[in-house]
Amino acid sequence: GYGIGLLAYSWLKVLQPAFYAADRRWVPMGVSFLAIALSVASNWYFVVVRGMGVEALAMTTSLVATTNFIILYVVMSRMTSGLETRSLLILVAKLVIAGGAMAGVCFAANRFVFPDLTHMNAFSRIAGLAVVIPIAGAIYFALSKLLKVEEASEFLGIVQRKLKK
């Protein structure tokens, strides 16, 4: 769940300036005040009432960022003629598939290549990473290209042009 909050926070950094560009500065400000209230209330509930401890602070931060993003996204969608939500969700699904495959490679490497880092010397760690990282990246970009993610194809084209020089 915390990764979702990080994504929402990143998306907020893209979405909020759009309101300033559209001369609707009060919208993100109002939503931020609501987010502050939600943050205080949820921190109090989870830490004080439920006794979850400071671990709950990360959860509430994630919850607040996600809520903030969803509200701003809905408002922006209504301000414009639409944000092509369906296309965005399809793209996110494709990236989740490619990212999941890459995560699978990393998980397998963690289990089989790096099972006990305390007994590996620095050279073995570096050599392992030098193999695992390119494989994980290749899997991600190969699946992205197979799933027709336009940005992946553009990136690979840029890399190919740089390598040809």
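Does Phe-69 count as buried or exposed, or, put more openly, which of these words fits its relative accessibility? In this predicted model, Phe-69 counts as buried because its relative accessibility is 14%, and the close-up views below begin with this residue.

**View 1. The rings of Phe-69 and Tyr-73 form a tilted aromatic pair.** The centres of the two rings are 5.6 Å apart and their planes stand at 45°, so the pair is classed as tilted. Phe-69 and Tyr-73 both belong to helix α3 (residues 55–79), where they are four residues apart and therefore separated by about one helical turn. Tyr-73, like Phe-69 in the view's opening question, is assigned to the buried class, in its case with a relative accessible area of 16%. Together with Trp-11, the residues Phe-69 and Tyr-73 form one aromatic cluster.

**View 2. Val-31 is a buried residue of helix α2.** Val-31 lies in helix α2, which spans residues 26–49, and it counts as buried because its relative accessibility is 9%. When residues up to four places away in sequence are not counted, Val-31 touches Asn-68, Ile-71 and Leu-72. Between the C-alpha atoms of Val-31 and Phe-69 the distance in space is 9.2 Å, although 38 residues set them apart in sequence.

**View 3. Tyr-45 and Phe-46 form an edge-to-face aromatic pair.** A search of the whole structure finds five aromatic pairs, and one of them joins the rings of Tyr-45 and Phe-46, whose centres are 5.1 Å apart and whose planes stand at 75°, so that the pair is edge-to-face. Tyr-45 is partly exposed, with a relative accessible area of 33%, whereas Phe-46 is buried, with a relative accessible area of 18%.

**View 4. Helices α5 and α6 pack obliquely to each other.** Helix α5 covers residues 122–146 and helix α6 covers residues 150–164, and the two pack at an angle of about 125° with their axes 8 Å apart. At this angle, α5 and α6 are therefore oblique to each other, and α5 passes α6 in a left-handed crossing. On the side of α5 the contact is made by Phe-141, Ser-144 and Lys-145, while α6 contributes Ala-152, Ser-153, Phe-155 and Leu-156. By residue class, the contact of α5 with α6 divides into four nonpolar residues, two polar residues and one charged residue.

Conventions. Residues numbered from 1 in each chain as written. Predicted model: local features only at pLDDT ≥ 70, side-chain atom pairs only at ≥ 80, totals over all residues. Heavy atoms only, no water. Axes fitted to C-alpha atoms, helices over the stretch in contact; angles between N-to-C directions. Parallel < 35°, antiparallel > 145°, perpendicular 65-115°, else oblique. Left-handed = near helix turned anticlockwise from the far one by under 90°. Contact = heavy atoms within 4.5 Å. Nonpolar A, V, L, I, M, F, W, Y, C, P; charged D, E, K, R; others polar. Buried < 20%, exposed > 50% of the residue type's maximum accessible area, 1.4 Å probe, protein only. Phe/Tyr/Trp six-rings, centres within 6.5 Å; stacked < 30°, edge-to-face > 60°.
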